[in-house]
Each structure stands twice: as structure tokens, then as C-alpha cells.
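Reader: I'm used to gels and assays, and I'd like to learn how to read a model like this one. Could you take me through it feature by feature?

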Amino acid sequence: MATGSNDMPDHRKRNTFTSYVAPMAGDVRATADTNEWCLPSDLRDVHLAKPRLLAGEQIVASAPAYMYSPIAPMESSSSSSGSGSGNGSGSGSGSSNSTGTGNNSQSNNSNNSNGNNSVGRSRSSHKEATFGLLSVTNFKLAFVPLHARATLSAPLASDLYQENAYLGRNEVTLNNIDQIYTIAEQGRAASALQAARMASTSSRRKKLEPAKQHNINGRIVALHIICKNLRLLKFAFQQQDSKLSGASDYGKLIASALARFAYPMRHDLSFAYAYREPYYSTLVGVSMYASKNDWARELIRCGASEWQVISASAVPQLQNRLQAGKYQLPPHFVIPKCCEVERFLQLSFAFCDSRAAFWVYSYGSSAASLVRLAELQPASQQDTKMENIMLELVRKCDERKQLKLFQLTDQLPSIQDVQRAYQKLRRLCTPETPEKFMLQDDKYLGLLEKTNWLLYVSLCLRHASEAAATLRASITCVLQESNGRDLCCVISSLTQLLLDPHFRTIDGFQSLVQKEWVALEHPFQRRLGHVYVSTGEQAPDSEQSPIFLLYLDCVWQLLQQFPDEFEFSQTYLTTLWDACFMPIFDTFQFDSQAQRTRAVNEGRLVLRPVWDWGEQFSDKDKMFFSNPLYQRQRGDLVATQNHRRSLAVGGHKLLASAAGGGVAGAASGTASPSRYTINPQLFATQSSVPQDRYLQPAHRILDLAVWDQCYYRWLPVLDIRGGGQPQVDLFHRLLLSNIAKVQRCLELQNFEELPDAYYDALGEQRPSQQQQQQEEPVEYVDGVERRRKSMPGTGAGAPGSSANGLNVVNGGPLQLSTLSSFFPFGSPIAGDAPHELYDILSNSSELLLDTSSILDKSSIV
């Protein structure tokens, strides 16, 4: 949409898009009874509220709109416009929390200026809607709230909210958009919000189907957009008389742009091809399984001496263009040593997607193997000779010559079943009206059971437990599925999580996803709906199924049952869910490595792994990825001496005790092995995986829970201030922070920096507190006296607060800082709590670097 440029004459500016945003001053057509855009003069420049654009990003369409919430938070029912109504409902989804102060002030100003009583009659619409500019780009859907100038200087709410470098709080990528509904005009309403409510309660709601030409008829008064991360966005567009103002139908403009760009027919239409900024990797400790040596190291670690790594680039048959197209093999794969490559390729013809037996893991002293196998082609299912030969080759690799076959196709849901369950769960978590929410709430447990989502999670955990028990019994386990690239990934990954503590670290978990999902080519592009292709007979989303999201839910269930066994937190898993729909990163964007290579060579795509979290988040956000309850055990895998313990904490050298034990310790005890060179002396015949750290999860449905942080974070009505798991997590981090301070004081024999909790428990005052109150600290910079200005409420002597993250309320006992129950995705906290929490995070991370248990410290015992 064109906008007025600075070098255009005034008479031409009136004919551009921006001239129709708001009437000019003194325009008689802008009467308070008919036009809702009668805003104060400092709010008319909607075109100044442009979204922040990345390199290569272009605006397709823009229009003024109201962003409103389908469900207002509990506080909004009161007469006051407190933090609940401003922060929660102003976003339309509980996420536009940074604008809570400005939203209420702006909305009140606009309501008072036009004198429109209909807005007041529509249940205090100024509390539940935010006016701003809605834009569609080739990357995202962005809503920029329009603030009054008077509120810009006012302090915003806390920045304790996950800030993405590429996306704002009111922005979603086009990849994240799942369903778009248009609300047509019905009757004449005095305001945009009233028109949207009138239409949404009727049958004038129409879904825009992917891969179809849409004739959008009638005036669009509202849009409902449902995202793949269970977020519901609702926008209302003002009805304007085109005869008077000449304005276009803003709703139709945005809907047409979304129908064209949100459902791409080709992958090269993704924004990743337009964003060509250079990438410089800072990854440490994550094995990408992009080379033969990465697989060889895993064979060494697991003690799998009867298997060999094959690189497609070294096989002449796979380099022949006439024959290479017959195979769908990854660049590197592991096959039995007793089978020649030519023989293996000949056998693979009988299996779907050429997926014969692929080794992924070995466990135990006998190195029982975990193998993935596709089913036979439909034409070969009558003759199982090829399958028997393949299983016999796998059995020969087992020291005890035992094998158990898991036929997952018959025991687990199909990809269509998983998709239907996800759609039902999404409808349950995205109610469109408060009335629908209350109706669902009355029979919530019954509706949750009918989705079958938790049933499928239960089945995955059960079969993963059975596979882990099989490996612990020194029996090779073969997972067989239709193409070996969907539910095989889920069960195989969960099995390794249960058996191997290395995969429960952040770096290990990311390496596991790279191995099982990326390197062995799970079809992310089709399953996550990045491209919509209609073949005539099949619907464009017939192959769409969130298999990887089901896996993340299974991992979250394990994290709830074993909170001290995982280095990462549920915030990390929720962030990983959202990262699946970030097209800038290639990790979850392709079906195969061949597609990725073609995109680099032909489309000049810049590859960026999503595991480099510093590309998206600051250090304060990455700290929330770490689990404060996790303790690294002695003997855990340490690949190199400079191995970074966690992405949540900066790069540090581990203690010397971490390098000992096992083959991995021997590998890192002398010279750290090169990433691209294998030292033959490092080869071992026995597994270095600890066998006493396995998990046995409860997998019945009654033992499972709903992932509330991920599924309910966009429902402000369910936000419990000061409740939920984040408050418990904050308390744990506070304890670790105080322990770290006490340990530092004991080691240095300097007790001036004891935590405030020590003096609070004794009921005494810090010795240096009076002196700090009387004399302001003085700092000399280049010989010039510079007085340090302490933050309000964060100093040691500030009333009502404490530097250890506790607040004094009305002279009563100390209380923890109040967090959102969906922190750091929900409503942020205001005041001085961020400074206290940053202190807690930075101090608690010191103990997270330790390789031994806290109780092993003599200073604690």
C-alpha cells in the first residue's frame, strides 16, 4: 500500500493511503456520532506507527484497526482500569503487555474526544481494545499500538517478558498463521467493536481456505486469526461511508493480503529467501550430525562397534544422476558392518522412502541397538523376504543375537489422528467469545478427553518406556513405521531421553533433535504446514500433522515428573515450539537435506540453525531456559575442555571433576578432539553411557497434565498473579542465589556480602546499611567525582523492597515478587522487580555451572 512520501506535494498527499486514516482537523464529515476515528490531533498520524522491518522485509498492506481480546482478564470486570485490564486485554491475547499504561490512557482519550455513547454501552470497550496500525509484510502480521504523546514519556511496564529480536509482542510470522476467518458486516453499528460483536455471534463468519482463489464479498468488519501456537488474534475495522470519505474496505484489504501471503504454494516464497543477512555461528557443544565424524563420535560414545557410517557422497551409485533419484537417503546414515553398501542399497528398494534399517543409538555393556525401519512398499508387502533379510542383518550386530520388533503403525495413532487431536485441542484453547469460554469451562475435562491429545501423549510415553526396558534387557529394539520418519522419531527420541542423561542437557537435547529429526529427515515442511500444495484429490493440508509438537508435549510431561533430571526448563520447550514457525531459521523448514542444499545453491538461502539462541534472544531471556533444580552429575559427558555447560549461561570452563570418568573423560582429559578429525585411539568397544541414570515415567492419562504455559498463555482470564510454576521457579532461583552468595563469602572469608535473607532471618540490620543510607556512594572517573544514582526501590535501604527479590508489603512479612503464571510469556510485572530478578538469575546461574550436587559442597553440609 502506498504511503505519502516527503517529496510529494500536499495536494497529492491527500490522495494517498495516509490521507484516509483520519479526517483532517476541522473536517465537518468527522462527526462524533458517525465516525470512530475522531481522535485527538496527536493520534491521527497512524502512518507513523509503522512496524519495525528487517532487511528484505516489505509491507504488503496496512490499515487502521482495533485489536481486541476475546476474553478479558478477571480484573477488567471492575470499574478501575488496573494492570489486569490494561495489560491483559489490551493485547487481544494477553501479550501486548508493554503497552498497558499507554493503551488505557489512549483509549480513554479517544472515547472522551468523540463522545460516542455507543462505545460506552458496549461493555467498556475502551478497556478491551487497542487502536493502532495493522500491517501485513512478506514475513509477519504486525500490529503497532498508537499511543498518545503524553504517555510516551511515562514509564512502561517491566521488560521481564521474552523479547524476540525478530518479532514484537503483537507480531506473528506468516508461518504461524493457521486459520483466517472473515466477519462480514451485518446491520449498522455505531462502532467497529460493536459491529464485530454483532457479526461474530451470527453465521457471517467465513473461513479462508488455503490454495483457493477467494472472492471476498461484502464489507469485512473483523478478522479472527488462529495461530499454530494456539494464539487467537481478533481485529475490528471501522465502518466508514465511502461516499463521504472515499476510504477503502480496510478489512478486505488485510484479508486479501493474508490469503495471498499466509499460505505460500512454494517454499521459495518464504521470507528466509529474502532475508540474506550473513550468519556467523557461535554454537558450542551441539552436534549437528552434518558430517560423517559426528556420527562416528556417537558410535564411539555408545560403543556400537558392529555398525558403520556411510556418506552418500562417497558412494558412486548415489552420485550417479540416473540412479540417485531412485533413493531418498540422508547424506549420512549408519548400517550394519556385515552388510556391504551395494547390498544395503539393493534391499532399501523394498522399503518406503528407501528407509531400510538405520542405527540411531546403542545402550548397555552388550551395546543393544536402537534401530529405525520403514515398512515394505505396498507392492512388496506380500513377500516379506527382504524384510526378514534386513532384520537378520540387524540381529547379527547384537552380541546376544536377540531382537524385538515394535510395529508402531498398529500401536500408535496415524498422522491424521494426531492432526485431528491437535485441531480439537486448538479449538478448546482458543475460545472466540467469553460465552464460549464459559460453556467450555463447565465441561472442560470431558472436552479435553475427547481431543485424544493426552491419550496420544500417553501412548508415546508407554511405548518409549517399553523400548527403553528392551534395551536395558540387552535386546536390540527395532522401531518400524510406515516411512520411518514420523512417529519413529518420537519414540526413538523419547527412548534416548529416558536412558541417557546426556540428552537431558540443553546441548545434548539439541543434538538429539538434530540427529533424530533433522539429520534423518522428518518432513517438517509438510507436517508443520509451511507450504500448501493442492493436488486436486487431496486437501492442501492432508499431510499436515504436528508430530514434533506432540513430541515436545511428551518431553514436558517428563520434565514435570523428573524436575531435577533436565537442564532445560518448560520455558525452553515453549520457546522451541514457537521457533518451529520462524522461517528465518532453517532447522524446522525442510523435508530433507536435499531440499536444504537446493535452497542454498539455487535460492541463495543463508542457513541459520535455531540452536544459536543468541540470534533471537538476549542473555536475560536465555537464562530462563535453564532449570534451577538441575544438577549435573559427576561423569556426565563433556566433549571438550571449553564445553559450554548451557545456552542459558555464558561460556565457562567446567570444573576439573567433570572431565573424569569413562571414555568421554579420557577423550577430554588430554587434548580435546577436533570436530572434523577422529583420533583412532579414541575408539572404544564399550559404551560410556551411564546405566544407572535411566527414568521410568508414569504414562497413564491420570498421571499426565496439561501444558498450561504453552497452551493457555494467550488466555489472560486464566492468568494467576503470583501463582503457578513460575512463582515456584522464582523461589528456587532465589534459594540458589542466596546459596551462591554464602558460598562466595565462605570461600573469600569476607562476610560483608551476605544475602539480605540472612539478616532478615536473624531480625538484624546489615552493618553497612546505616552508612549507605547516610552517605551516598562516590565514584571517581578520571579524577572527577561522579555520584552514583541508585535505582528507586532497589537500594539496600529502600523502603518496601529488598535486593534479594523480596518485597515488604504494608510493613508485614517479606513476599516474593509477583509473577504471571505464564511468565515470561504472560503479563509482565511492574515496578522494581526486574532488577531484583536479574540479580536472582545471575547469582543462581553460578551454582548451575557446578558439575556436582549442591549437597556435595562442604560449606553447605
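Author: Sure. Names first: helices and strands are DSSP runs, a helix having at least four residues and a strand at least two, and they are numbered from the N terminus. Keep in mind that this is a predicted model.

Reader: Let's go for the empty space, then. How many cavities of 30 Å³ or more does a search of the whole structure find?

Author: The general idea is to roll a probe the size of a water molecule over the atoms, which shows where empty space is left. Here the search turns up 11 cavities of 30 Å³ or more, and the largest has a volume of about 380 Å³.

Reader: Which residues lie nearest the centre of that largest cavity?

Author: Q162, N164, L167, E171 and D578, out of 26 lining residues. Strand β4 (171-173) and helix α23 (570-579) each put at least two residues into that lining. By class, the lining splits into 11 nonpolar, 9 polar and 6 charged residues.

Reader: Okay, now helix packing. At what angle do α20 and α22 pack?

Author: Look at the angle and the distance between axes together. For α20 (residues 506-519) and α22 (residues 547-561), the angle is about 145 degrees and the axes are 14 Å apart. The crossing is right-handed. From α20, F509, L512, V513 and W517 meet I547, F548, Y551, L552 and V555 of α22. That contact has 9 nonpolar residues, with no polar and no charged ones.

Reader: What about salt bridges: how many does the structure hold?

Author: There are 29. Take D294 and R297, whose side chains meet at 3.5 Å, N to O. These two are 3 residues apart in helix α9 (residues 292-302), so about one helical turn separates them.

Reader: Last one: which backbone oddities should I look for?

Author: Most residues other than glycine have a negative phi, and most peptide bonds are trans, so look for the exceptions. S354 has a positive phi, near 60 degrees, and sits in the loop between α12 (341-348) and β11 (358-363). F823 and P824 are joined by a cis peptide bond, with omega about 0 degrees. You'll find P824 in the loop between β18 (814-816) and α31 (833-848).

Conventions. Residues are numbered from 1 along each chain as its sequence is written. This is a predicted model: local features need pLDDT of at least 70, side-chain atom pairs count only at pLDDT 80 or more; totals for chains, interfaces and linings use all residues. Side-chain values use heavy atoms; hydrogens and water are left out. Axes are lines fitted to C-alpha atoms, for helices over the stretch in contact, and angles run from 0 to 180 degrees between N-to-C directions. A crossing is left-handed if the near helix is turned anticlockwise from the far one by less than a right angle, and right-handed if clockwise. Contact means heavy atoms within 4.5 Å. Ala, Val, Leu, Ile, Met, Phe, Trp, Tyr, Cys and Pro count as nonpolar, Asp, Glu, Lys and Arg as charged, and the others, Gly among them, as polar. On a 1 Å grid over the protein atoms alone, a cavity is a set of points where a 1.4 Å probe fits but cannot get out, and a pocket is an open set with protein on both sides within 12 Å along at least five of seven lines; lining residues have an atom within 4 Å of a point. Grid points are joined across faces, edges and corners, and a volume is the space filled by probe spheres set on the points. A salt bridge is a side-chain nitrogen of Lys or Arg within 4 Å of a carboxyl oxygen of Asp or Glu.
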